[in-house]
Amino acid sequence: MNLEKILAISGKPGLYVLKVQTRTGFVAESLTDGKKITVNLKSNVSLLSEISIYTYDGEKPLTEVMQRIATKENKGQAISHKEDNATLAAYFKEILSDYDEERVYPSDIKKVLNWYNTLQAKGLVTDLDPAPTETPEEAPVAEEKPKKAPAAKKAKAKKEEE
């Protein structure tokens, strides 16, 4: 899934899809009830594509974590985010065995599972593959245009021909 336009807005429950950008903010549509809201630029908004989970080796993008959940659950619903903290931690350990237990709180795990289940209920989990990125070898190479002679050289060449 492309998480580029999926938003989490501080102070508002659920997830939202970015619809239109305006001069003073943007319009977002709730994934839960379909209502559209206007969001001020001063609001604390997070794009799901920009969120990462701490691991002992660094950080894992949320897209990759959600892909692992989808693979484990065969693109079905994950466990409820309302389970007790020990159950959630054990489940998350199966998904991401090297997550940093000191910096990833139970509330973070609850959010990730709640977001995954919301996206899955809307049928957005079917294509959770991250967007392909071009490697430098695959990037198209611009052809070099032949260089034109400066005007002074052209004039000199014309005089020599006469």
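Two residues are taken to be in contact when heavy atoms of theirs lie within 4.5 Å. The exercises below apply to a predicted model.

**Exercise 1. Describe the surroundings of I9: its element, its burial and its contacts beyond the sequence neighbours.**

Step 1. Begin with the element: I9 belongs to strand β1, which covers residues 6–9.

Step 2. Turn to accessibility, where the cut-off for a buried residue is under 20% relative accessible area. Because the relative accessible area of I9 is 6%, this residue counts as buried.

Step 3. Set aside the neighbours within four places in sequence, and the contacts of I9 are Y16, A28, I37, V39, N44 and V45.

Step 4. Compare sequence with space for one further pair: I9 and S43 are separated by 34 residues in sequence, while their C-alpha atoms are 7.4 Å apart.

**Exercise 2. Carry out the same analysis for R68, and decide whether it is buried, partly exposed or exposed.**

Step 1. R68 is part of helix α1, residues 62–72.

Step 2. The relative accessible area of R68 is 30%, and therefore R68 is classed as partly exposed, given that this class lies between the limits of 20% and 50%.

Step 3. Once the neighbours within four places in sequence are left aside, R68 touches K60, I95 and L96.

Step 4. For one of these partners, I95, the separation from R68 is 27 residues along the sequence and 6.1 Å from C-alpha to C-alpha.

**Exercise 3. Find which aromatic rings pair, and which ring has a charged side chain over its face.**

Step 1. The count of aromatic pairs comes to 1. The pair is formed by F92 and Y99, with 5.1 Å between the ring centres and 80° between the planes.

Step 2. Planes over 60 degrees apart count as edge-to-face, and the pair of F92 and Y99 is accordingly edge-to-face. Both of its members, F92 and Y99, are buried.

Step 3. A separate arrangement involves Y54, over whose face R103 lies at 3.9 Å from the ring centre.

**Exercise 4. Characterise the largest pocket by its volume, its lining and the elements that contribute to it.**

Step 1. The volume of the largest pocket is about 420 Å³.

Step 2. The lining comprises 20 residues, of which I51, D108, K111, V112 and W115 are the closest to the pocket centre.

Step 3. Two or more lining residues come from each of β1, β5 (45–47), β6 (52–55) and α3 (106–121). The largest share, 7 residues, is given by α3.

Step 4. By residue type, the lining divides into 9 nonpolar, 7 polar and 4 charged residues.

**Exercise 5. Locate N74 and K75, and state what is unusual about their phi angles.**

Step 1. As background, most residues other than glycine have a negative phi.

Step 2. N74 is not a glycine, yet its phi is positive, at about 50°; K75, likewise not a glycine, has a positive phi of about 65°.

Step 3. N74 is placed in the loop between α1 and α2 (85–95), and K75 is also found in the loop between α1 and α2.

Step 4. N74 has a relative accessibility of 69% and so counts as exposed, whereas K75, at 40%, is partly exposed.

**Exercise 6. Summarise the chain as a whole: its elements, its burial and its contacts.**

Step 1. The secondary structure consists of 4 helices and 7 strands, and from the N terminus the order is β-β-β-β-β-β-β-α-α-α-α.

Step 2. Of the 162 residues in the chain, 30% are buried.

Step 3. Considering contacts between residues at least 6 apart in sequence, 53% join residues at least 24 apart.

Note on methods:
Residues are numbered from 1 along each chain as its sequence is written. This is a predicted model: local features need pLDDT of at least 70, side-chain atom pairs count only at pLDDT 80 or more; totals for chains, interfaces and linings use all residues. Side-chain values use heavy atoms; hydrogens and water are left out. Rings of Phe, Tyr and Trp (its six-membered ring) pair if their centres lie within 6.5 Å; planes under 30 degrees apart count as stacked, over 60 as edge-to-face and the rest as tilted. Buried means under 20% relative accessible area, exposed over 50%, partly exposed in between (1.4 Å probe, protein chains only). A charge sits over a ring if NZ of Lys or CZ of Arg is within 6 Å of the ring centre and within 35 degrees of the ring normal. On a 1 Å grid over the protein atoms alone, a cavity is a set of points where a 1.4 Å probe fits but cannot get out, and a pocket is an open set with protein on both sides within 12 Å along at least five of seven lines; lining residues have an atom within 4 Å of a point. Grid points are joined across faces, edges and corners, and a volume is the space filled by probe spheres set on the points. Ala, Val, Leu, Ile, Met, Phe, Trp, Tyr, Cys and Pro count as nonpolar, Asp, Glu, Lys and Arg as charged, and the others, Gly among them, as polar.
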